[in-house]
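User: I am new to this structure and would like to understand the reasoning behind the labels given to its parts. Could you take me through some of them?

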Amino acid sequence: MNIGVCYFPEHWPREQWEDQVAQMAEAGIEYVRMGEFAWSRYEPEPGEYDLEWLADAVDLIGEHGMEAVLCTPTATPPKWLSDEHPSILRETADGTTEGFGSRRQYCFNSPVYRRESARIVERMAERFAGHDAVAGWQTDNEYGCHGTTRCYCDDCATAFREWLRERYDDVDDLNESWGNAFWSQEYTGFHEVDPPRSTPAGHHPARLLDYYRFCSDSVVEFNREQVDILRAVDDDWFVTHNEMNLFGAIDAYDLGDDLDFMSWDSYPTGHVQHAPGEATPDELRAGDPDLVGFNHSVFQGSADGDFWVMEQQPGGVNWPPQPTQPGEGAMALWAHHAAANGAETVSYFRWQRCDMGQEQYHAGLRQQDGSPDRGYTDAARAAEELSGLAAELDPERGNDARVALLHDYENLWGLDIEPASVDFDYWDHLLTYYAALRRHGVEVDVLPTDADLRSYDAVVGPTLYLADEDLADRLDAFARDGGEVLVTVRSGVKNEHNRLRPTLPGPLGDVVGASVEQYEGYRGDADPEIEYRGETYAFRTWGEWLDADDAETVATHETGPAAGTAAITRNERGEGGVTYLGVWPAEPLANAVVGDFLDDAGVPTTEPLPDGVRLARRGGLTWVANFTSDVVRVDTPRDATWHLGDGDIEKFDVAVTDAPLADVSVDVE
């Protein structure tokens, strides 16, 4: 559990470096990330390299007892490269070429750019091979940021056609699989297939889904080329990459397969302003712990169970609609929350506010004049507290999660292509269940749909849109062995080519023991209701009326044309059961259904936690994180020990005990 920082020595006079690095060490910083945007300094002219300034900075970091994380600089190709090889530039769907002057303007499928990227990565790797102060590397920076995953240039067209040739037997197979008889979209050869550029009406959903797959695969391949170079030069380095909040254009599980661990960039007060709904005043100060925690879980599950927060918000930031200031202590709270959820390192972005360029309104741990900013105190505090807690951790114990939540990027792509309802958002739907689970004080592992589920007692599968026979069989076997499965609306709807199944929920029908007769989307001002276990509950956005073929009906619709039909069913399978939740629940219904589901699975729970207060367990310790402006009172067994703080947790603060999750009780004063 370490604290790091992102540093840009190229932005500051060399005579300031010594003081800056010394101040980092004094604050308890362990890792310093550098170099992701400095290609023009590494290679000011074609073939003329200058890496010694970076080596001097790395030497300083090592002399002060810290380690460097270096970055490949391919997120920002220099001007001379764009001028010499304009084919490297990304092209939008309407044919616009994105030019120099920002970042991420390159195409992942440009053969020229791949060659040039490999060249600069290899040169940097060779310069720092064996350096004692270099711990590892971050590839590039935020692949796909600013909507740059998908390019539509001629290089992408060529690469897409090759990708399709490997996937389909011949063009007749492609035509049949996609369903190209619709709107006369049949091809006579792969050479006719273009990227889905601008059209008068929507694109064919099968073509789009394959293009989204292809673009994600292109990024994975681009990243793999860099990883292979770095490991070939020095296999003692770790290699990671930093992705972003709810970023869906790239399959993080595929990306993580080639990395030692994944990282992500956490900006809680910014992310909550881009989430569905309106942020509360407390969320504008500290963010939403479930939104932040969900991202932690996604990236922890994407590569061997380890992850870093490579960029942690240090104060006010420049890009959300409102640049709110974090609450007092929130920047230390976020580090604790990440560590409690499994982060090995939390690295603040950035060391010092920059006085030039596009991020001048982005805070650092220190002000532009070098004086400490609010985040500096919080970072130093977090470093000291986490160092003390590390000695109390049991390294043999993880988070003890007994519940898995399934997440799949292809389900996201399929739903984005044809949402059917303007308000149906895949991330929002997943967060409904993640939040309900965390509200009950249980640990949750977010996993891909092909994960091994045998170590869990309960599995939640929100919107398994493209579920296939293999997934259905594995969920069935899990239930028959005594597990509890919860499947939700819009599952088993499409096949792998984004075509409707003959009946819904497709291959999951036998497992859930029910079928979907009809469905309906709801506006925000609608007030649909169901009756569940004798109580009336509201739901929102989407509802299905079910035919409970073999299952027990546990809830019925009370409003609209669905009135009297089944809304929730449960099907006993062997020693366990499968629940199908045919509506998108509002919070009280989500709490009730998830609570009953966890009881059926034998998973210990707390009383529902207050909004903004969450528990997390790691290494035998339990963190109680208060993301609210209220003081919260925490009760634990008499024999429990407080290792940080006590039972009265101030606003935007955290405390740590050794009491098990289910033995912790929280009240708001």
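User: Why is Asp 140 called buried?

Analyst: In this predicted model, the relative accessibility of Asp 140 is 0%, and because buried means under 20% relative accessible area, Asp 140 counts as buried. Asp 140 sits in the loop between strand 4 (134–138) and helix 6 (154–167).

User: What makes the phi of Asp 140 worth a remark?

Analyst: Most residues other than glycine have a negative phi, whereas Asp 140, which is not a glycine, has a positive phi of about 50°. His 146 also lies in the loop between strand 4 and helix 6, and its phi, near 65°, is positive although His 146 is a residue other than glycine.

User: How do you know that strand 19 is largely enclosed by the rest of the structure?

Analyst: Strand 19 covers residues 576–581, and 6 of its 6 residues are buried, so the strand is largely enclosed by the rest of the structure. Gly 576, Val 578 and Tyr 580 point one way, while Gly 577, Thr 579 and Leu 581 point the other way, and all are buried.

User: Why are strand 13 and strand 19 said to pair?

Analyst: Two strands pair if at least two bridges are found between them, and strand 13 and strand 19 have 5 bridges in the parallel sense, so they count as paired. Glu 484 stands opposite Gly 577 in strand 19. Strand 18 (residues 566–573) is joined to strand 19 by 6 bridges, and these two run antiparallel, with Glu 572 opposite Gly 577.

Key. Residues are numbered from 1 along each chain as its sequence is written. This is a predicted model: local features need pLDDT of at least 70, side-chain atom pairs count only at pLDDT 80 or more; totals for chains, interfaces and linings use all residues. Side-chain values use heavy atoms; hydrogens and water are left out. Helices (H or I, at least four residues) and strands (E, at least two) are DSSP runs, numbered from the N terminus. Buried means under 20% relative accessible area, exposed over 50%, partly exposed in between (1.4 Å probe, protein chains only).
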